[in-house]
Amino acid sequence: MMRLHRVILRRLEMPLRFRFRTSFGEIAAKKFLLVEADAGGLSGWGECVADDEPHYSEETNASAADVLRRFLVPAVLGRTLPGPESFPDAVREIRGNRMAKAALETALWDLSCRAGGISLGRRLGGVRERVSVGVSLGIQPSIEGLLALVARHVDAGYARIKVKIEPGNDLAPVAAIRERYPSIELTVDANAAYTLADAAHLLALDRFDLDYVEQPLGHEDLWRHAELARALRTPICLDESIRSAEDAAVAAAIGAARVVNVKIGRVGGIGEAVRVHGVCAAAGIPVWCGGMLESGVGRAANVQLATLPTFTKPGDTSSASRYFDEDIVDPPLEAERGEMPVPAGPGIGVEVRREVVDRFTTWREEILA
Ligand code: OSB
Ligand code: MG
């Protein structure tokens, strides 16, 4: 049972230690909403993975703030909820807006687990104390620069290297990495930059022995991924196209994906992420936990989720110090030789450093019951 007294929305801007470029754009700072759910002295925290601009998905920080303030928060504020499991039902009549929903739902999970003195991972049925992690490297200006970056992360012991690709920036960088590192676990992520007209070109990836190619085709296009999968030897992993357990079930049924990237925000919450995991486990599809360059709040939730049994591939939850000079949680989330220790505290496992949050906050809004 839980009863919220107040919800605080904050928008934060945290400078990134590097510019991160994908096929859909480039960012130099992480701009995001933090949701604090206050039950009267005890707070739960959730991070919204939308950006200021709607390039990865249709949501933005402004749209998420609007939907949270006018619809999602009022659906739970001042009411007695049996628990976070009941959140999807409480907001069933609000369509889409998955990142906004996920941020508030995560805050409720965190709050409920903190109140019960249990870590989120344990509460969800997690089975691991450390999770395997890889890195996601943005598109680089030069192949020499990319190789130096790969070398740093291979030397740090990361379990998988993923490189972003786009048309014109694909075969040559991947060939260079594969030549230098014949046996590392290597993947590529196109963030929906290709079409089926590029199928013959994409077949050239087969010679690099990639663990998978992530989201080569359109973000709403399950069907054509199944068509491409019939021609490609490299397994297809879907990211953008899997927005629900239903999408995962359809992808499995038509052969659109042999691997699935699970992101809490993209699927609308922890409850739905667990359901995606269940569908994939039943279909024999390995999953891994994706990342959205999260601060420690979102990163910690990801690491907790990745303790579930079918998260068998290295996730995108690398050390927070790769991204930020200073993070907003304690203890810091730091990988050791490709493994992230799961923070053992209650809820998401880490404490929020309010004074650091305040310094990165650009606006704040309190919603009272
Ligand atoms: O496609 O996985 C993606 C970052 C922002 C938006 C989409 C993606 C990513 C990443 C970064 O690949 C993963 C991370 O290190 O957090
Ligand atoms: Mg991706």
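## Close-up views of the predicted model

**Surroundings of helix α6.** The elements that cover the buried residues of α6 include α5 (143-155), β8 (161-164), β9 (186-189) and α7 (199-202). Within α6 itself (residues 171-180), the buried positions are L171, P173, V174, A176, I177 and R178. Helices (H or I, at least four residues) and strands (E, at least two) are DSSP runs, numbered from the N terminus. Buried means under 20% relative accessible area, exposed over 50%, and partly exposed in between (1.4 Å probe, protein chains only). Contact means heavy atoms within 4.5 Å.

The model is predicted: local features need pLDDT of at least 70 and side-chain atom pairs count only at pLDDT 80 or more, whereas totals for chains, interfaces and linings use all residues. Residues are numbered from 1 along each chain as its sequence is written, chains are lettered from A and ligands numbered from 1 in the order in which they are written, and side-chain values use heavy atoms, with hydrogens and water left out.

**Helix α12 is mostly covered.** The helix spans residues 296-305, and 10 of its 10 residues are buried. Charged and polar side chains are among them, including R299, N302 and Q304. The buried set also includes V297, A300, A301, V303 and L305. For the residue classes, Ala, Val, Leu, Ile, Met, Phe, Trp, Tyr, Cys and Pro count as nonpolar, Asp, Glu, Lys and Arg as charged, and the others, Gly among them, as polar.

**The contact between domain 1 and domain 2.** The domain assignment, which is automatic or taken from a database, gives domain 1 (2-117 + 351-368) and domain 2 (122-341). Their centres, taken over C-alpha atoms, are separated by 23 Å. Domain 1 brings 39 residues to the contact and domain 2 brings 43 residues. About 3400 Å² is buried between the two domains, and carbon and sulfur atoms give 60% of this area. Buried area is the accessible area (1.4 Å probe) that two parts lose on being put together, summed over both. On the side of domain 1, R21, Y56 and R98 lose the most area to domain 2, together 21% of what that side buries.

**Polar pairs across the domain boundary.** Five salt bridges are counted between domain 1 and domain 2, a salt bridge being a side-chain nitrogen of Lys or Arg within 4 Å of a carboxyl oxygen of Asp or Glu. R17 forms a salt bridge with D325, with 3.3 Å between the closest N and O atoms. The two domains also share 22 residue pairs in polar contact (both at pLDDT 80 or more). A polar contact is a pair of N or O atoms within 3.5 Å; within protein, one must be able to donate a hydrogen and the other to accept it, and residues adjacent in sequence count only if both atoms are side-chain atoms. On the side of domain 1 that touches domain 2, at least two residues each come from β2 (6-22), β3 (25-38), β4 (43-48), α3 (98-116), β16 (351-352) and α14 (354-360). The residues of that side comprise 23 nonpolar, five polar and 11 charged.

**The salt bridge between R11 and D52.** The side chains of these residues meet at 2.8 Å, N to O. R11 belongs to strand β2 and D52 to the loop between β4 and α1 (61-76), so the pair ties together parts that are 41 residues apart in sequence. R11 counts as buried at 11% relative accessibility, whereas D52 is partly exposed at 34%.

**The salt bridge between R130 and E339.** The closest N and O atoms of the pair are 3.2 Å apart. R130 lies in strand β6 (residues 130-132) and E339 in strand β15 (residues 339-341), and the pair links distant parts of the chain, 209 residues apart. R130 is partly exposed at 33% relative accessible area, and E339 is partly exposed at 32%.

**A network of salt bridges.** R160, K162, K164, D189, E214 and D316 are linked in this network. In the whole structure, 34 salt bridges are found.

**The environment of E36 in strand β3.** E36 counts as buried at 1% relative accessibility. Its side chain makes a polar contact of 2.6 Å with the side chain of S43. Beyond neighbours within four places in sequence, E36 is in contact with R6, V7, I8, R10, S43, G44, W45 and R354.
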